[in-house]
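Hi,

I hope your week is going well. Here is the structure I promised to pass on, and my notes come right after it.

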Amino acid sequence: MSDPSTPKARSTATFAPAPGAAPLWRMVASQASMELRVLLRNGEQLLLTMVIPVLLLVGFSVTELLDLGDAAPVDYLTPGIIALAVMSTAFTGQAIGTGFERRYGVLKRLGATPLSRFGLLAAKTLAVLGVQALQITVICGVALALGWAPASGSVGALYAMTLVLLATAAFSSLALLLAGTLRAEAALAAANLIYVVLLGLGGVIFPVDRFPAFLQPVLEALPITALATGLRAVLAEGAAPPLLPLLVLAVWTAAGAALASRFFRWE
Amino acid sequence: MDTAAVEVTDLIKRYGDTTAVAGLSFTAPRGAVTALLGPNGAGKTSTIEICEGFRRADSGRVRILGLDPDADSATLKPKVGVMLQAGGVPTSARAGEWLRLMASFHAHPVPAQVLLQRLGLTSVAGTPFRRLSGGQQQRLSLAAAVIGRPELVFLDEPTAGLDPQARMATWDLVTELRDAGVGVVLTTHHMEEAERLADHVVIIDHGRVVANGSAGELTDAQQELRFQAEPELDTESLLAALPPTSHVAAHPSGQRTRYVVVTEAPGGLGPGFVATVTTWCAANGVLPEELRVQRRTLEDVFLELTGRDLRDS
C-alpha cells in the first residue's frame, strides 16, 4: 500500500483498449497447433487413425487370410493402409471433431475472433497434414519392418504425395459437409459408418476386381478407391502414374467444396 | 471516438412466427457499463447476438463503434470481445492453453497469466475445459473475451451460476474494464447485478425496451415505507391521516399483509411522515412489523413494468 494509486493505474494499463489482430500466419500457426494437440489427445481418434491401420497392416501381412497370389501381402497392403490412414484423419476424424466443435459453440466462438474462416480452414488442414505425416511415418516404419519393398522412383513418390494432398482436400471438404449439416451425433454415426463401408469396399484390403463386375465402376469412382489404386500403382506395381485417380479425386474435391460452402452452418 | 459503442434502432428479429425482438432501440456509450435486463425470453440474447454479428436482423439499424456488424465484421473483430452464454471452448482444451490461443490472435493481448490469476484460475490452468466447474468455465470465457484488449465487450449472462466470490471477482473485473475505458454491454436477469454494476440499465420485455436510464433514474430516488400487519387494515383511515398525494398499497402474502406507503408531499417521506404512520398504528392497535423506509429497488420497478405486461397478454 505504499502507492495508493497503483492498483487503479495498473489495471487501467492492463485493460486500456489496444485492439489489433495478430498477423495471419501467427493466428494460423497457433490455431493449427491447438487443433493438432486436440487431435492427438483424443483416444478414440487415435484408435481410428493409428491403431486400426497398423493392426490391419500387421494382421493381414503376417497371416495368409488374404489370397493375393505370389505377391508379398505387405507390398499390396501398405498403399491401401496409407489410403485408409489418410481417410481416417481427413474425413472421419475431421467430420466428428468439427461436428462436436459446432455443437459446443467452438466454431461460433472462433467466429468472433480475428481468425478468419480462411485462417481456420488453413489451420485445420495443417493439423490434418501433421497427423497424416505422423501416421504415414509409423505405417511405413512398420511396413519396412515387415519387409515392404516400395517399387517407385522419385516420380512415383512425387505422384503419391500429390495424390495424398488431393485426397486430403477431397476428404476434408466431405467431412465439413457432414459436420456442417448434421447434428453432432448423426455426423459421428455417419462418419464411422462411411469409414467401415469404404474400408470394406474401397480397395483398401480387398482388391476391387474381386467384387461383381457391375459394381466395379461404382467402386472405382469412390475417393478411397482412387487414392488406394493410385498409390498401389506406383508403390506396389512400379507402374506409370495413372491419371484416373487424380481426376476422380479432383471431382470429389470440387463437388465437396461446392456443397460444403453452400450448406455448411456454423451453429 | 465520437460514435457510441452500440447504437440499435428499431431492431426486429423473427424466428418463424415468433417475434423475438420487436422494434428495439437503445444506445450504449463507450467506457460505460450498459445492462440489458429482462426476464428469460425477453429478447436479450437475440439482440446481443445481432450486435456481435452472429445473427442478422430482419430490419432495423445496428452500429457497433460506428460500424456495421455485418459489412465491417473483419474490422470489428479485433475491437470487440465476446463472451457467449455457454460453451465455445473445445472440451479437451486446457484452460491456460485456450487463453494463450486467444491471446495469440491479438496484437497487444493481456498476458494469459495475469487473467488466470485475476479470475482465480491459476490452479486449473492445466485442466481440460470439460473438467472445470460451471463457474470456472464462465470465468474462462470472460477472460477470453477481454484478453485482446478490446474497445467493447459483450457479456451474455456473465455471472449466471457463479458462487458469490466468483460473482464478486467478475463484478470487479467489469468495473476495472469500465475504468480503463472499455465499453461493456452485458445481459442479466439479476436486478442486483444491474443495480450495482451498470451505468445504464435497459429493461427489455417481449422484445421491446420498457424502460431505459441509470439505475438511479429508473428507481426515481423514490422512498417508500413498508410494514407488515394483519390483513384488511382500514387503509382509507390511514390515508386520511396522511398528507395529500400519499398512496397506500396492500399486498397480501400468507397470514400477513405487506403495506407499502409512498408520498409525493413536500418534505417527502421524512421523520414526521413516519411518525404519522406509527401514531395512526398506535391509535388503531396495529403493530407494524418489519417497519422500514427504503428506496424503491430496481426489482420493484422491474416487476412493476414486466408484471403489468404479463397481465396484458
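Below is what I found, going from the contact between the chains to the domains and then to a pair of helices. Please keep in mind that this is a predicted model.

**Where the chains touch**

Chain A brings 30 residues to the contact, and chain B brings 34 residues. On the side of chain A that touches chain B, the elements giving two or more residues are helix H1 (6-15), helix H2 (24-41) and helix H5 (106-111) of chain A. H2(A) supplies the largest share of that side, with 7 residues. Sorted by class, the side of chain A that touches chain B holds 15 nonpolar, 9 polar and 6 charged residues.

**Domains of chain B**

The domain assignment splits chain B into domain 1 (6-218) and domain 2 (223-295). Between the C-alpha centres of these two domains of chain B there are 42 Å.

**A helix pair in chain B**

Helix H5 (residues 134-146) and helix H6 (residues 164-179) of chain B pack with their axes 11 Å apart, at an angle of about 10 degrees. Angles under 35 degrees count as roughly parallel, so H5(B) and H6(B) are roughly parallel to each other.

Which residues meet in this pair? From H5(B) come Gly135(B), Arg139(B), Leu142(B) and Val146(B), and they meet Ala166(B), Thr170(B), Leu173(B) and Leu177(B) of H6(B). By class, the contact of H5(B) with H6(B) is made of 5 nonpolar, 2 polar and 1 charged residues.

Happy to talk it through whenever suits you.

Best wishes

Notes: Residues numbered from 1 in each chain as written. Chains lettered and ligands numbered in written order. Predicted model: local features only at pLDDT ≥ 70, side-chain atom pairs only at ≥ 80, totals over all residues. Domains from an automatic or database assignment. Contact = placed C-beta atoms within 7 Å. Helix = DSSP H or I, 4+ residues; strand = E, 2+ residues; numbered from the N terminus. Nonpolar A, V, L, I, M, F, W, Y, C, P; charged D, E, K, R; others polar. Axes fitted to C-alpha atoms, helices over the stretch in contact; angles between N-to-C directions. Parallel < 35°, antiparallel > 145°, perpendicular 65-115°, else oblique.
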